[in-house]
Every structure is written in structure tokens, then in C-alpha cells.
Amino acid sequence: MALREIRLAPDPILRQRAKPVIEVTPKVVALLDDMRETLLAKDGIGLAAPQVGILRRILVVYIHDEFTELINPEIIETRGLVIGMEGCLSMPDEGCYVRRPHYVRMKGLDRNGNQVVLEATGLKSVALCHEMDHLIGVLFTDRKVEPTPSEQQLIDESNKKQGFKDEMVDPAVLSVE
Ligand SMILES: [Zn+2]
């Protein structure tokens, strides 16, 4: 395994569309391992292959000590809405609020090349959708929103409840359906 260099905005590769993986080769598995290691080293929660200079549809998310990885991911279904402060390893000095689905169901391939379906809510849904955006050249700052006063109230309540323990704050839930 090896650390990969993270491409920083405005690197033009971050604005390109990633291509599907044709076959899950040992090279793809090695990339997944490197992405995991890089994510841990950078204390991040998500990484998409274009962020390490590889224009392929591959993402890795690390939340609550658990890795989730998908090759050729697709969103099958979304529900609800959350709002939360996001950041990105490719834009280390930026942070802004973004609205994302509360729930997401996705399909893709695992590292053995098997078709898998997964579901996620809250912070994990946010992270997966953020990484999906990277695969089509979209950055989170493109989706920047200013919370409405009632949204800000929900954010404050949600943050207070969580006690600002670390950067991994769950987003405020706006709706679940
Ligand atoms: Zn990002």
C-alpha cells in the first residue's frame, strides 16, 4: 500500500468526468487500498479516485471506523433532506453548508467484482453523495447554500446535541421522506 497525492483545487482533473471501471483488476484493488490508507492518513471521511488523479468511477468512505467502497457506483434512490457543513480534502481551506438526501440507496461493484447494493442515512449519505459528485466533476462548493433561519435553528440544535466532539458532525435532518 502507498499514500497517493491528493489533487487540490483548481486542478482541472477535479472538473472532469470519471469513466467506468471495465474490469476489477488487481490494480483497481491496489488503488482501493491506497485510497483507504490516504483517507486515514489525511483524517478524511471520503475520497473519490479523481482526487488522487485517477479518472475512474471509484469511491471510498470512512465513517465511524468503517470503510465503504464502491466501484461504478450509481444512486438508485434518495429520500429526505439534510443540511450540514461540508469540507473536502481537495479544498482544505473551504467549508460551506450543502443540502443532501437524508437517505440514499446505491449499487455498484465491490472489490471482488460482485454487484452490491447499500443503503446509508445522515452523514454517510452526505459523504457518499459528495463523492458521487466528484465522479462527475462537481465540487461541494458548487452546491453551497445559506441556511434559512429555521434551518440554522435545526443545525444549532443538532450540533448542540452532538457536543461538537469532532469534525464528524451529523447533518441536521430537514425531512426524512
Ligand atoms: Zn471532496
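# Briefing: core, sheets and backbone features of a predicted model

The largest nonpolar core holds 34 residues, and within it V60 and L128 have the most contacts. At least two residues of this core come from each of α1, β1, β2, β3, β4, β6 and α2. The structure is a predicted model, and its strands are described below as two open sheets, one of five strands in the order β1-β2-β3-β6-β7 and one of three strands in the order β5-β4-β8.

**The core and its contacts**

- L128, which is one of the two residues with the most contacts inside the core, touches V61, V104, M106 and A120 when residues up to four places away in sequence are not counted.
- The elements that supply at least two core residues each include the helices α1 and α2, with α2 covering residues 122–134, and the strands β4 (81–88) and β6 (103–109).

**The five-stranded sheet**

- In the order β1-β2-β3-β6-β7 the five strands form an open sheet with antiparallel pairing; β1 and β7 (115–121) are the edge strands, each pairing on one side only, and the twist from one strand to the next averages 40°.
- β2 and β3 are paired in the antiparallel sense over six bridges, and Y62 has F67 in β3 as its bridge partner.
- The connection between β2 and β3 is a hairpin with two residues between the strands, and H64 in the turn has a positive phi of about 50°.
- β3 and β6 are likewise antiparallel, with six bridges between them, and the bridge partner of R79 is Y103 in β6.
- β6 and β7 run antiparallel and are joined by seven bridges, while R105 stands opposite E119 in β7.

**The three-stranded sheet**

- The strands of the open sheet β5-β4-β8 pair in the antiparallel sense; because β5 (91–100) and β8 (172–175) each have a single partner strand, they stand at the edges and one side of each is left without a neighbour in the sheet.
- The twist in this sheet averages 25° from one strand to the next.
- Six bridges connect β4 and β5 in antiparallel pairing, and M85 is placed opposite Y97 in β5.

**Helices and how they lie on the sheets**

- α1 lies across β1, β2 and β3 and runs at about 35° to β2, whereas α2 lies across β1, β2, β3, β6 and β7 and runs at about 155° to β2.
- α2 also lies across β4 and β5, where the angle to β4 is about 60°; the strands that α2 lies across therefore include members of both sheets.
- α3 lies across β4 and β8, running at about 140° to β8.
- The 14 residues of α3 (residues 149–162) should span 20 Å at 1.5 Å a residue, and this agrees with the 20 Å that separates the end C-alpha atoms of the helix.
- α3 is hardly covered, since the count of buried residues among its 14 residues is one, and just after this helix G163 takes a positive phi of about 70°.

**D133 in α2**

- D133, found in helix α2, counts as partly exposed because 18 other C-beta atoms lie within 10 Å, whereas 20 or more would make it buried and 12 or fewer exposed.
- Apart from its neighbours within four places in sequence, D133 is in contact with V138 and F140.
- D133 and R15 are 118 residues apart in sequence, and their C-alpha atoms are 10.0 Å apart in space.

**Backbone features to inspect**

- Most residues other than glycine have a negative phi, and most peptide bonds are trans.
- A cis peptide bond, with omega about 10°, joins A9 and P10, and P10 lies in the segment before α1 (26–41).
- D43 is not a glycine, yet it has a positive phi of about 60°; D43 is placed in the loop between α1 and β1 (46–48), and it is exposed because 11 other C-beta atoms lie within 10 Å, under a cut-off of 12 or fewer.
- H64, also a residue other than glycine, has a positive phi near 50°; H64 lies in the loop between β2 (58–63) and β3 (66–79), and it counts as exposed because it has 8 C-beta neighbours inside 10 Å.

Conventions:
Residues are numbered from 1 along each chain as its sequence is written. This is a predicted model: local features need pLDDT of at least 70, side-chain atom pairs count only at pLDDT 80 or more; totals for chains, interfaces and linings use all residues. Helices (H or I, at least four residues) and strands (E, at least two) are DSSP runs, numbered from the N terminus. A nonpolar core is a set of buried Ala, Val, Leu, Ile, Met, Phe, Trp, Tyr and Cys residues joined through C-beta atoms within 7 Å. Two residues are in contact if their C-beta atoms, placed from the backbone, lie within 7 Å. The expected span of a helix is 1.5 Å times one less than its number of residues. Two strands pair if DSSP finds at least two bridges between them. Axes are lines fitted to C-alpha atoms, for helices over the stretch in contact, and angles run from 0 to 180 degrees between N-to-C directions.
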